[in-house]
Amino acid sequence: MSTLEHVAGQYKTLCFNAIANSLEPLLKQAQDNELSYLQFAQLLADHELRQRDRKRIENNRKRASFPVPKFLEEFDFQHQTTITKRQVNALLDFSFLDQRENLVFIGPPGVGKTHLAVSIGIKAIDRGYKVLFTSALGLIESLELAELKGELKNKINTLLKFDLLILDELGYLPMNKQGMYNLFQLIHAMYEYRSLLITTNKDFTAWGEFFFDDNVAVPIVDRIIHHSHIFMLGGESYRLRKKLNS
Ligand code: ADP
Ligand code: MG
């Protein structure tokens, strides 16, 4: 075994995998650029840290379970004029996440709510935040399952690990009393602690019927909108326009 292989193996043992995997090119880079000892030490540390960051972001992308990747760069603000690029860009400093504020996108089908939600989620992950995408229906189902197993608290605690929880398509279908109660538990636990991004086709005034009971709808809505940025999206469906133009 060459000394190079031996040293690479030692780095591996120390869990410095990025250095272990690129020791030779890193040495060459140091030689070519006549780096000082300190610069070389820094090069190794930077390389390892950068790779770990990249890995973490990659894993967070997978854990986010986006249905389809959507990017802000692909969003056509000429078509969707009820929200401006400037408004969306203003969100990308992610102070809303640091301040545990919520985002709500309200509007009819096809106007780009989910696209915006996913692409903002992807940007947040790139900035180091943890994001989980769920359909409202899927989330309510999984809360219900956890509740039946007596594990609702655990389930909620798992969800609280994410900085941002995207709840897509809230209000498309009504939910039962237990579902509503479980959701209330979650939203109560997240209040001023974690951020929600909700997409919905229903205006808040109509949430009473969706939540089955105004007595629960009011405190839920109250907690969601207390610290939130609300965007009312309108316009014609992007899907429909594509279809009509093709
Ligand atoms: P909603 O969630 O409001 O029902 P979606 O975000 O799912 O709508 O949009 C429907 C489809 O149209 C998606 O494939 C989405 O990527 C695309 N789309 C919607 N609005 C735009 C837009 N302004 N620019 C580019 N694509 C868009
Ligand atoms: Mg949608």
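## Starting with a glycine

Which loop does Gly128 lie in? In this predicted model, Gly128 belongs to the loop that runs between α7 and β2. Buried or exposed? Gly128 falls in the middle class: with a relative accessible area of 31%, Gly128 is partly exposed, because that class covers values between 20% and 50%.

You can also pick out Arg100 while you're there. Arg100 and Gly128 are 28 residues apart along the chain, and their C-alpha atoms are separated by 15 Å.

## The whole chain

Now zoom out. The protein chain is built with 13 helices and 5 strands. Its C-alpha atoms fill a box of roughly 70 × 50 × 35 Å along the principal axes. How does that fit with a ball-like shape? A compact globule of 246 residues would have a radius of gyration near 18 Å, but this chain has 23 Å.

Of the 246 residues, 42% are buried. If you take contacts between residues at least 6 apart in sequence, 79% of them join residues at least 24 apart. On the outside, the accessible surface comes to about 14200 Å², and carbon and sulfur atoms account for 53% of that.

As for charge, count 30 positive and 29 negative side chains. The centres of those two sets lie 3 Å apart.

## Helix α4 and its cover

Helix α4 covers residues 37-64. Does its length add up, and what should you expect? At 1.5 Å a residue, its 28 residues should span 40 Å, and the end C-alpha atoms are 41 Å apart, so the two agree.

Which residues of α4 are buried? They are Leu43, Leu44, His47, Glu48, Asn60 and Ala64. The cover over these buried residues includes α1, α2 and α3, along with α7 (113-126) and β2 (131-135). An α-helix has 3.6 residues a turn, so residues three or four places apart point the same way. Keep that in mind as you look along the buried list, where Leu43 and His47 both appear, and so do Asn60 and Ala64.

## Two buried residues up close

Asn60 sits in helix α4. Its relative accessible area is 6%, so Asn60 counts as buried, since the cut-off is under 20%. What does Asn60 touch, leaving aside its neighbours within four places in sequence? Asn60 is in contact with Ile125, Tyr129 and Lys130.

His115 is a residue of helix α7. At 17% relative accessibility, His115 is buried too, because the limit is 20%. Apart from neighbours within four places in sequence, His115 is in contact with Lys70, Phe71, Glu74 and Phe75.

## Backbone oddities

Most residues other than glycine have a negative phi. Here are some that don't follow that habit. Cys15 isn't a glycine, yet has a positive phi of about 70°. You'll find Cys15 in the loop between α1 (3-13) and α2 (17-21).

Glu34 isn't a glycine either, and its phi is positive at about 50°. Glu34 is placed in the loop between α3 (23-32) and α4 (37-64). Is this side chain's residue buried or exposed? Glu34 counts as exposed, because its relative accessibility is 71% and the class begins over 50%. At the other end of α4, just after the helix, Ser65 takes a positive phi of about 45°.

Terms used. Residues numbered from 1 in each chain as written. Chains lettered and ligands numbered in written order. Predicted model: local features only at pLDDT ≥ 70, side-chain atom pairs only at ≥ 80, totals over all residues. Heavy atoms only, no water. Helix = DSSP H or I, 4+ residues; strand = E, 2+ residues; numbered from the N terminus. Rg over C-alpha atoms; globule rule 2.2 N^0.38 Å. Buried < 20%, exposed > 50% of the residue type's maximum accessible area, 1.4 Å probe, protein only. Contact = heavy atoms within 4.5 Å. Areas by Shrake-Rupley, 256 points an atom, 1.4 Å probe, with all protein chains shown as cover. Lys, Arg positive; Asp, Glu negative; His and termini not counted. Charge placed at Lys NZ, Arg CZ, Asp CG, Glu CD. Expected span 1.5 Å × (residues − 1).
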